[in-house]
Amino acid sequence: MKESAAHPAWEEYGLSRTECAIVDAFWSLLEEKPYGSITVRDIVSRCRIHRNTFYYHFQDVPALLDMTLRIWADSLVGQARFDTAADCVLPVARCAMEQRRVLDHIYRSERRDEFVALIERTNRYIVTRHIEAATRGLRISQQDKALLILYYKSTFQGVVLDWLNADMAYDLVDTAARLCTLLDGTGRNAVLRLLDGKTE
């Protein structure tokens, strides 16, 4: 699925033409100013629709944000591949860098907790798919697999949150690429050591 550099392709997620216009206007506003400053008036003025039309499709701005973020998270999953850590992480990091103004405006709002929870769920899903691929054909217990998932998920989640808290001052793609190089094969090697009964 091809995604725009600016935002996901809204029409590919079952939205009507009017809903696409509303979400697109909302996303463009998020690039310009904090989430808490965006009003229904701003949105309908940007996409040139009547206020009642907005409320026909969305209950309010928080409901619009919830749906927009779900699509954004789905688009991240759609861009990820799961054979290696780099295949999982680098597409997500590139997307985050391209959309950093939007993400910053959401992160520094009253919806921060929900946003972080969404990042965590998306991260867990991507990491789980990677660990499943990396351990395919190996006899590993579900408990040990869960620990590997927790390790990778916590590592990458920590990097993303540090990047957000650092005002996105460093290049997330470069950092993620270097981290993937450092961790390359560690998950599978840990499993192989476990299966061989070896410790370091």
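Which residues in helix 1 are buried? In this predicted model, the buried residues of helix 1 are Glu-19, Cys-20, Ile-22, Val-23, Ala-25, Phe-26, Trp-27, Ser-28, Leu-29 and Leu-30. The cover over them comes from several places, including helix 2, helix 3 (51-57), helix 4 and helix 6 (100-107).

**The overall picture**

Let's step back to the whole chain. The protein has 10 helices and 0 strands, and from the N terminus on its elements read α-α-α-α-α-α-α-α-α-α. Of its 200 residues, 44% count as buried. Among contacts with a separation of 6 or more, 65% are made by residues 24 or more positions apart. About 10900 Å² of the protein is exposed, and carbon and sulfur atoms supply 49% of that area.

**Helix 1 against helix 4**

Now back to helix 1 and one of its covering partners. Helix 1 and helix 4 (residues 61-79) have axes 11 Å apart and pack at an angle of about 90 degrees. An angle from 65 to 115 degrees counts as roughly perpendicular, and the two helices are therefore roughly perpendicular to each other. On the helix 1 side, the contact is made by Ile-22, Val-23, Phe-26 and Trp-27. Facing them from helix 4 are Val-61, Leu-64, Leu-65, Met-67, Thr-68 and Trp-72. By type, the residues of this contact divide into 9 nonpolar, 1 polar and no charged. Ile-22, Val-23, Phe-26 and Trp-27 are also among the buried residues of helix 1.

**Two helices by length**

Here are helix 1 and helix 5, each with its end-to-end C-alpha distance and the span expected at 1.5 Å a residue.

| Helix | Residues in helix | End C-alpha distance | Expected span |
|---|---|---|---|
| Helix 1 | 16 residues | 23 Å | 22 Å |
| Helix 5 (residues 85-98) | 14 residues | 20 Å | 20 Å |

For helix 1, the distance agrees with the expected span; for helix 5, the reach is close to the expected one.

**What covers helix 5?**

Helix 5 has its own set of buried residues: Ala-85, Cys-88, Val-89, Leu-90, Pro-91, Ala-93, Cys-95, Ala-96 and Met-97. Their cover includes helix 4, helix 6, helix 7 (112-134), helix 8 (142-165) and helix 9 (172-183). Helix 4 and helix 6 thus appear in the cover of helix 5 and also in that of helix 1.

**A glycine in a loop**

Finally, have a look at Gly-36, in the loop between helix 1 (17-32) and helix 2 (40-47). Is Gly-36 buried or exposed? Its relative accessible area is 57%, and exposed means over 50%, so Gly-36 is exposed. Its C-alpha atom lies 6.3 Å from that of Ser-109, a residue 73 residues apart from Gly-36 along the chain.

Definitions and conventions. Residues numbered from 1 in each chain as written. Predicted model: local features only at pLDDT ≥ 70, side-chain atom pairs only at ≥ 80, totals over all residues. Heavy atoms only, no water. Helix = DSSP H or I, 4+ residues; strand = E, 2+ residues; numbered from the N terminus. Buried < 20%, exposed > 50% of the residue type's maximum accessible area, 1.4 Å probe, protein only. Axes fitted to C-alpha atoms, helices over the stretch in contact; angles between N-to-C directions. Parallel < 35°, antiparallel > 145°, perpendicular 65-115°, else oblique. Contact = heavy atoms within 4.5 Å. Nonpolar A, V, L, I, M, F, W, Y, C, P; charged D, E, K, R; others polar. Expected span 1.5 Å × (residues − 1). Areas by Shrake-Rupley, 256 points an atom, 1.4 Å probe, with all protein chains shown as cover.
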